[in-house]
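Here's an informal walk through one model, going from a loop to the sheet and then to the helices packed around it. Have the structure open while you read.

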Amino acid sequence: PQMVALWSAEGAQKLFIVHTGGGTVLNYVPLARHLAGAVSIYGIQARGHDGQAPPQDDLVDIAADYVARIRAVQPTGPYLLAGHSLGGIIAFEMARQIQAAGGRVALLAMFDSALTSDDGTPPDGDAKLLAEAVTTIAQFLGKDAVVSVDELRPLSTAAQIDRVLDALGRADALGVDDAARLVRSVLTVSRAHLKARRAYQPQLSPVPITLIRARDAAHGAASSDETLGWSAVAAEQVRVLWSGGDHVSMMNEPHARELARTFGACLARALRQA
């Protein structure tokens with residue numbers, strides 16, 4: 001399913017949190033556990049993981065599709081939107097579309113999403129996508145499996161996939177068939193999202209942005225801009241906060257607890273003003 005209930009709290013406001021480049025919402029599970037009870041949390045997964053439909057590769061269309069899906073769950077605002085990495089960029093476009101249609105967004109939060117820099121356009125291509133997929137899948141299952149970009153870089157894509165599957169198998173993270181299906185679908189979806197990310201031309205948006213950055217992340221040329229490029233398309237000043245870990249590990253234990261405290265305070269503030 002594309003809409004996944006990560007946490008249900010009866011009568012509570014709903015938070016919609018958008019997948020990262022790989023298209024799954026596995027990386028949000030630690031954060032959802034720490035936020036338990038404050039809001040109902042719905043993760044939006046990408047199309048393309050079920051093998052029935054191809055992944056989407058136009059970011060404006062992706063956002064429009066997701067806006068329709070969240071309206072099916074919550075017909076009117078105010079809306080709470082969030083996303084990590086590419087998910088934050090999609091959430092930005094969703095918020096812009098909602099506002100343009102006369103709706104209200106009470107919170108737009110991004111977790112280390114960069115509008116400028118190589119975030120979403122990794123120079124190591126499939127190697128980086130697959131290395132991050134191993135970390136996400138293994139940590140979600142409570143296993144320890146790591147494959148480095150350096151290890152994958154010289155290999156063909158087929159050999160990279162074999163190396164990743166071997167690492168997950170040795171960590172007893174997933175059965176062979178399940179791991180193969182998931183890794184291949186993550187790679188296919190990631191490639192489509194990479195195309196969407198590169199082609200996206202954001203428009204100016206009046207929706208206030210809260211950007212929670214990872215203290216240990218490197219964003220290349222964008223590091224000189226604390227807002228990671230968002231100030232160029234934000235009508236209001238971007239609110240920048242910080243949390244522990246790097247671009248990937250900020251979502252995982254032990255850093256997820258600190259992220260939940262920082263983000264939870266933003267949620268509480270938005271709920272009071274909603």
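L155 sits in the loop that links α5 (149-152) to α6 (157-170). This is a predicted model, by the way. With a relative accessibility of 24%, L155 falls in the partly exposed class. Skip the residues up to four places away in sequence, and L155 touches Q160 and R163. For a sense of distance, take G43: it is 112 residues from L155 along the chain, and the two C-alpha atoms are 33 Å apart.

Now for the sheet. It's an open one with seven strands, ordered β1-β3-β2-β4-β5-β6-β7, and the pairing is mixed. The edges belong to β1 (3-7) and β7 (239-243); each has a single partner strand, so one side of each has no neighbour in the sheet. On average, neighbouring strands are turned by 25 degrees against each other, direction ignored.

Zoom in on β2 (residues 14-18) and β3 (residues 40-44): these two run parallel and are joined by five bridges. Within that pairing, V18 stands opposite I44 of β3. Helix α8 (residues 255-273) packs on the sheet too, with β2, β4, β5, β6 (210-214) and β7 among the strands it touches, and its direction makes about 150 degrees with that of β7.

Helix α3 (residues 86-100) deserves a longer look. It lies across β2, β3, β4 (79-84) and β5 (105-111), and runs at about 155 degrees to β4. Of its 15 residues, 13 are buried, so α3 is largely enclosed by the rest of the structure. Just past the end of α3, G102 takes a positive phi of about 95 degrees.

How do the spans of α3 and its fellow helix α2 look against the expected rise of 1.5 Å a residue? Here they are side by side:

| Helix | Number of residues | C-alpha span, first to last | Expected span |
|---|---|---|---|
| α3 | 15 residues | 21 Å | 21 Å |
| α2 (59-73) | 15 residues | 21 Å | 21 Å |

So for α2 the span agrees with what 1.5 Å a residue predicts, and for α3 it is close to the expected value.

What does α3 hold on to? One answer is Q97, which is found in this helix. Q97 counts as buried, because its relative accessibility is 17% and the cut-off for buried is under 20%. Its side chain makes a polar contact with the side chain of E93 at 2.8 Å, and also reaches the backbone nitrogen of A64 at 3.4 Å. Leaving out neighbours within four places in sequence, Q97 is in contact with V60, A63, A64 and V67.

Over in α2, the buried residues are L59, I62, A63, D65, Y66, V67 and I70. At the start of α2, a side-chain oxygen of D58 comes to within 3.1 Å of the backbone nitrogen of V60.

Last, the aromatics. Searching the whole structure turns up three aromatic pairs. One of them is F92 with W230, a tilted pair with 4.9 Å from centre to centre and 50 degrees between the planes. F92 belongs to α3 while W230 is in the loop between β6 and β7, so this pair ties together parts 138 residues apart in sequence. Are the two partners buried or exposed? F92 is buried, at 0% relative accessibility, and W230 is buried at 0% as well.

Notes. Residues are numbered from 1 along each chain as its sequence is written. This is a predicted model: local features need pLDDT of at least 70, side-chain atom pairs count only at pLDDT 80 or more; totals for chains, interfaces and linings use all residues. Side-chain values use heavy atoms; hydrogens and water are left out. Two strands pair if DSSP finds at least two bridges between them. Helices (H or I, at least four residues) and strands (E, at least two) are DSSP runs, numbered from the N terminus. Axes are lines fitted to C-alpha atoms, for helices over the stretch in contact, and angles run from 0 to 180 degrees between N-to-C directions. Contact means heavy atoms within 4.5 Å. Buried means under 20% relative accessible area, exposed over 50%, partly exposed in between (1.4 Å probe, protein chains only). A polar contact is a pair of N or O atoms within 3.5 Å; within protein, one must be able to donate a hydrogen and the other to accept it, and residues adjacent in sequence count only if both atoms are side-chain atoms. Rings of Phe, Tyr and Trp (its six-membered ring) pair if their centres lie within 6.5 Å; planes under 30 degrees apart count as stacked, over 60 as edge-to-face and the rest as tilted. The expected span of a helix is 1.5 Å times one less than its number of residues.
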